[in-house]
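Here is a short set of exercises with worked solutions. Take a look at the sequence and structure first, then try each task before reading on.

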Amino acid sequence: MDGILLQTVEGLGDAPPVRTGCEIWEWLQSEKEEIAHEILSEGPLCQNAVGGVQEAEASEENGREIEWRHRGQLEARLREINDAQDRLMDGAYGRCTDCGAEIDSRRLAADPAVCLCFGCQKSTEAEVACCTM
């Protein structure tokens, strides 16, 4: 995933377009509406249990697990967007939430909801990778 993001950022060149706060807000709001629509269109996700034991074929269980993971990813992205909008209103947008350094404009152009500078993102990923091994 990192390689794709880095390629995207590198493809922007040296001078990504500078967006105003209003344009950033609108972009974030648009993505937020798309995600909310997708979450709502999936309907409620519930587990059907019979006598406390879930009876389903393995493929059906896998399908439900995929739905749960997808729903979790959508909800996480929605939180990222809401947090970015909060930072925009607070005047902290474009600053790393860990170290306070300015986030590179190319990184923000690739993902306006990003909250970490490249260094802090790499550290966070290294910690997560270390803890999952």
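**Exercise 1. Find how much area the protein chain exposes, and what share of it carbon and sulfur atoms supply.**

Step 1: the protein chain exposes about 9200 Å², computed with the Shrake-Rupley method and a 1.4 Å probe, where for residues only the protein chains shown count as cover. Step 2: carbon and sulfur atoms supply 54% of that area. Step 3: of the 133 residues in the chain, 23% are buried (buried means under 20% relative accessible area, exposed over 50%, partly exposed in between, with a 1.4 Å probe and protein chains only).

A note on the ground rules: this is a predicted model in which local features need pLDDT of at least 70 and side-chain atom pairs count only at pLDDT 80 or more, while totals for chains, interfaces and linings use all residues. Residues are numbered from 1 along each chain as its sequence is written, and side-chain values use heavy atoms, with hydrogens and water left out.

**Exercise 2. Describe the secondary structure, then check the span of helix α2.**

Step 1: the chain has five helices and zero strands, taking helices (H or I, at least four residues) and strands (E, at least two) as DSSP runs numbered from the N terminus. Step 2: helix α2 covers residues 21-42, which is 22 residues. Step 3: the expected span is 1.5 Å times one less than the number of residues, so α2 should span 32 Å, and its end C-alpha atoms are indeed 32 Å apart. Step 4: just after α2, G43 takes a positive phi of about 75 degrees.

**Exercise 3. Which residues of α2 are buried, and which are exposed on the other side?**

Step 1: the buried residues are I24, L28, E31, K32, I35 and I39. Step 2: they fall within an arc of 105 degrees seen down the helix axis, so they line one face of α2; the arc is that of the directions from the axis to the C-beta atoms. Step 3: on the other side, E26, E33, E34, H37, L40 and S41 are exposed.

**Exercise 4. Locate A84 and list its contacts.**

Step 1: A84 lies in helix α3. Step 2: its relative accessible area is 0%, so A84 counts as buried. Step 3: leaving aside neighbours within four places in sequence, A84 is in contact (heavy atoms within 4.5 Å) with L28, Y93, P112 and A113. Step 4: now turn to L28, whose contacts under that sequence rule are I81, A84, Q85, P112 and A113.

**Exercise 5. How many disulfides does a search of the whole structure find?**

Step 1: a disulfide is a pair of cysteine sulfur atoms within 2.5 Å, and the search finds zero. Step 2: for C115, the nearest cysteine sulfur belongs to C96, 7.2 Å away. Step 3: C115 has 28% relative accessibility, so this cysteine counts as partly exposed.
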